[in-house]
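Please open the model in your viewer and keep the sequence panel beside it. The tour below moves from one selection to the next and says what is to be found at each stop.

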Amino acid sequence: MRSTFFIIPFVALLGIFSACGDRESSKDVSYADDRDILAAPVDPLPESAFSFDEDLPYAYDGLEPYIDEATMRLHFHKHHKGYYRNFVNLWNDQAVDNRGIVEILEQVSMYGQGVRNNAGGYYNHWLFWHSMSPDGGGDPEGVLHDAIVNDFGSMEEFRELFNNAASGVFGSGWAWLIVTPSGDLAVTSTPNQDNPLMDVAMVNGLPVLGLDVWEHAYYLHYQNRRGSYIDAFWQVVDWDKTSKRYEKAMEGIAYSP
Ligand code: MN3
């Protein structure tokens with residue numbers, strides 16, 4: 001009995017001390033720490049027939065002030081490389097043929113949940129990096145512009161649909177502009193790392209433009225303000241590359257890393 005009286009206040013006291021410790025350490029987390037994490041040596045990427053660029057197509061701070069450097073560094077080196085590494089390791093364990101990434105995604109229900117998540121993460125981020133540019137923003141020109149106006153009414157109506165799809169993703173996922181099998185443009189979204197190429201997607205099509213709305217894509221800079229991040233995305237959209245993807249998609253060719 002006497003020992004119980006001793007233990008209860010002791011445990012309560014421990015709780016108070018450890019809570020203080022948590023507060024102290026979270027205060028120390030800063031932008032500089034993100035760089036330190038990235039300076040640490042990383043395992044080399046596994047051998048693979050699947051291509052992976054060792055760097056982004058622009059500088060890490062190239063999309064500032066819309067998307068910050070620390071987010072881009074972490075997103076590319078920790079998240080995208082992680083999906084690629086996991087996908088290659090899983091695929092090397094079960095591959096029996098020389099399928100390309102698009103073919104794998106189109107029949108992703110044949111493989112496990114791990115392939116679905118990581119093949120999706122590998123492909124989606126590749127398309128995402130190539131959906132943005134330091135020289136981006138504005139409106140598309142030429143055939144993509146005409147198709148958007150034709151299918152959605154105007155650029156404004158298209159953006160509103162896309163914004164609603166992006167902000168409407170519950171939890172983590174992606175917003176997409178796609179070319180449907182009938183050759184029309186459509187806006188859709190997918191959960192997790194799914195994408196519209198996948199046989200498991202609610203709406204199928206060839207992705208032309210993709211926006212990552214996982215919190216890791218914006219939380220460092222925008223915290224909970226997903227809407228501000230979506231607004232910022234329009235300032236850096238690479239319409240040149242997006243138009244090229246659209247033209248290929250109209251020939252039935254899916255964008256491929
Ligand atoms: Mn991401």
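A residue is called buried when its relative accessible area is under 20%, exposed when that area is over 50%, and partly exposed in between, with a 1.4 Å probe and protein chains only. Helices (H or I, at least four residues) and strands (E, at least two) are DSSP runs, numbered from the N terminus. The model is predicted, and local features need pLDDT of at least 70, side-chain atom pairs count only at pLDDT 80 or more, and totals for chains, interfaces and linings use all residues. Residues are numbered from 1 along each chain as its sequence is written, and side-chain values use heavy atoms, with hydrogens and water left out.

Select strand 3 to begin: seven of its seven residues are buried, and the strand is mostly covered. Adding strands 1 and 2 shows an open antiparallel sheet of three strands in the order 2-1-3, where two strands pair if DSSP finds at least two bridges between them. Strand 2 (185-191) and strand 3 (206-212) are the edge strands, each pairing on one side only. Neighbouring strands are turned by 25° against each other on average, direction ignored; axes here are lines fitted to C-alpha atoms, for helices over the stretch in contact, and angles run from 0 to 180 degrees between N-to-C directions.

Next, follow strand 1 (residues 173-179), which pairs with strand 2 in the antiparallel sense over seven bridges, Val-179 having Leu-185 as its bridge partner in strand 2. Helix 10 (residues 239-250) packs on the sheet and touches strand 1, strand 2 and strand 3, contact meaning heavy atoms within 4.5 Å. On the other side of the pairing, strand 1 is joined to strand 3 by six bridges, and Ile-178 stands opposite Pro-207 in strand 3.

Now select the manganese ion, whose protein donors are His-75 (NE2), His-125 (NE2), Asp-212 (OD) and His-216 (NE2), at 1.9 to 2.1 Å from it. Because His-75 lies in helix 3 (residues 69-94) and Asp-212 in strand 3, the pair ties together parts that are 137 residues apart in sequence. Donors are N, O and S atoms within 2.8 Å of the metal (3.2 Å for Na, K and Ca), and since water is not among the atoms, sites may look incomplete. Both His-75 and Asp-212 are buried.

Finally, turn to helix 5 (residues 113-129), which has 17 residues; 13 of the 17 are buried, so helix 5 is largely enclosed by the rest of the structure.

How values were computed. The expected span of a helix is 1.5 Å times one less than its number of residues.
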